[in-house]
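Thanks for making time this morning. I would like to walk you through one protein, starting with the whole chain and ending at a single residue.

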Amino acid sequence: MTQNKILGSLLLIAGTTIGAGMLALPIASAGLGFGTSSAIMLILWALMAYTALLMVEIHQFAPSDASLNHLAQHLLGRKGQLIANTALMFLLYALCAAYIAGGGEQVNQKLSTWLGLSLPPQSGAILFTLLIGTIVGMGTHCVDLINRGLFALKLLALLLMLTLLLPQVESPHLLELPLNQGLIISAIPVIFTSFGFHGSIPSVVRYLGVEVKALRRIMLLGSALPLVIYLLWQLGSQGVLSQSQLLENQSLSSFINQLASVLHSKYLSSAISLFADLALATSFLGVSLGLFDFMASTLRRKDNFSGRSLTVTITFLPPLGFALFYPQGFITALGYAAIALVILAIFLPVAMVWTQRQRRDMANMPTGYRVAGGKLALIFATLCGIAVIAAQIFS
């Protein structure tokens, strides 16, 4: 294992986490104020980093190519395997369909603007899916290399955004308090899903091998980088616009336009547009790679051209079909993505670690690496997951 692979894995986790949905965080938390929204981000990041480390603890005693399907079956039995597979497939297929719909729209727009081509709306979605599907089908190493380039460009766009925003921050805007407590409940599911990367963990383990020390570092740094970026973005947007101005803009386009008009900068809109395109591409790469590896392991396809081609088809054809013909169905499903993510990123890791620790203790087997906190931390994480589901239901 090389430092090159560690860096690539770290950027894959960060790139999957930092999606185009990041741009909507100031809208989702508009009525909370900077302090409250930042505190919620820190708590939810700590929760998701903790459960990512639980996954490292689980993977240390499994083969490096073990999927969530394999882990759940081994530790939780058939019922646990069914729950894990259902939650993972629901979440990843829904996300892929959303990325295909959004990416296809962006491809059509770019082809029209740059080349003057007027294509049917479905063309962009098909082209975008073929491009990402080809990259994912070539393997994790190819995804790693492409993702690094896109992530570097994404950081440049982000730096331009922050360079334009941060000098204009007004401290009174940052001291505003939540307008009412109900807004906290509605913001929690949105912020929670913005830290979701757990579907890609088995792909990282498969790429790196079971190197516990390196995997721990990747999970912590790979999730901390999005946290820092989110906080800076919140600082810039909530520091430039007041709560009342943010609440006026319930669509992303109107929010971006208002930011650009306040700063009198045409470059800001361009930087945000570029960032959104790159964030969508890197998130789609990470999510679809996780789904591809899961399907390959579940269906036990051979790692050759015919096997990978079939896995690519199974991975991308269903979300492409739904994105083309039933877009509203998956948009509705995305509204419940937080519930699927709670099952995938909190309940399953907690249940699997609990079972694995009990088995190894009863058999007097070596404990290996264990995440700090013991049973109390596992119970607390479970309660946090229940709170996120309740917030999703009642928001």
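**From the whole chain to one glutamine**

Let me begin with charge: the protein carries 20 positive and 12 negative side chains, and the centres of these two sets lie 13 Å apart. Please keep in mind throughout that what you see is a predicted model.

As for the fold, the secondary structure consists of 17 helices, with zero strands. The C-alpha atoms fill a box of roughly 65 × 50 × 40 Å along the principal axes. How does the radius of gyration compare with that of a compact globule? For 395 residues such a globule would come to near 21 Å, and because the protein has 21 Å, the two agree.

Turning to what is inside and what is outside, 53% of the 395 residues count as buried, while the protein exposes about 17,200 Å², of which carbon and sulfur atoms supply 68%. If we take the contacts between residues at least 6 apart in sequence, 84% of them join residues that are at least 24 apart.

Now to the single residue, Gln-243, which is found in helix α11, a helix covering residues 243–248. Is Gln-243 buried or exposed? Its relative accessibility is 8%, and because buried means under 20%, Gln-243 counts as buried. Leaving aside neighbours within four places in sequence, Gln-243 is in contact with residues including Ala-30, Gly-31, Leu-32 and Gly-33, and also Glu-176, Leu-177, Pro-178 and Leu-179. With Gly-31 there is a further detail, since the side chain of Gln-243 reaches the backbone oxygen of Gly-31 at 3.4 Å.

Key
Residues are numbered from 1 along each chain as its sequence is written. This is a predicted model: local features need pLDDT of at least 70, side-chain atom pairs count only at pLDDT 80 or more; totals for chains, interfaces and linings use all residues. Side-chain values use heavy atoms; hydrogens and water are left out. Helices (H or I, at least four residues) and strands (E, at least two) are DSSP runs, numbered from the N terminus. The radius of gyration is taken over C-alpha atoms; the globule rule is 2.2 Å times the number of residues to the power 0.38. Buried means under 20% relative accessible area, exposed over 50%, partly exposed in between (1.4 Å probe, protein chains only). Contact means heavy atoms within 4.5 Å. Accessible areas come from the Shrake-Rupley method with a 1.4 Å probe; for residues, only the protein chains shown count as cover. Lys and Arg count as positive and Asp and Glu as negative; His and the chain ends are not counted. The place of a charge is taken as NZ of Lys, CZ of Arg, CG of Asp or CD of Glu. A polar contact is a pair of N or O atoms within 3.5 Å; within protein, one must be able to donate a hydrogen and the other to accept it, and residues adjacent in sequence count only if both atoms are side-chain atoms.
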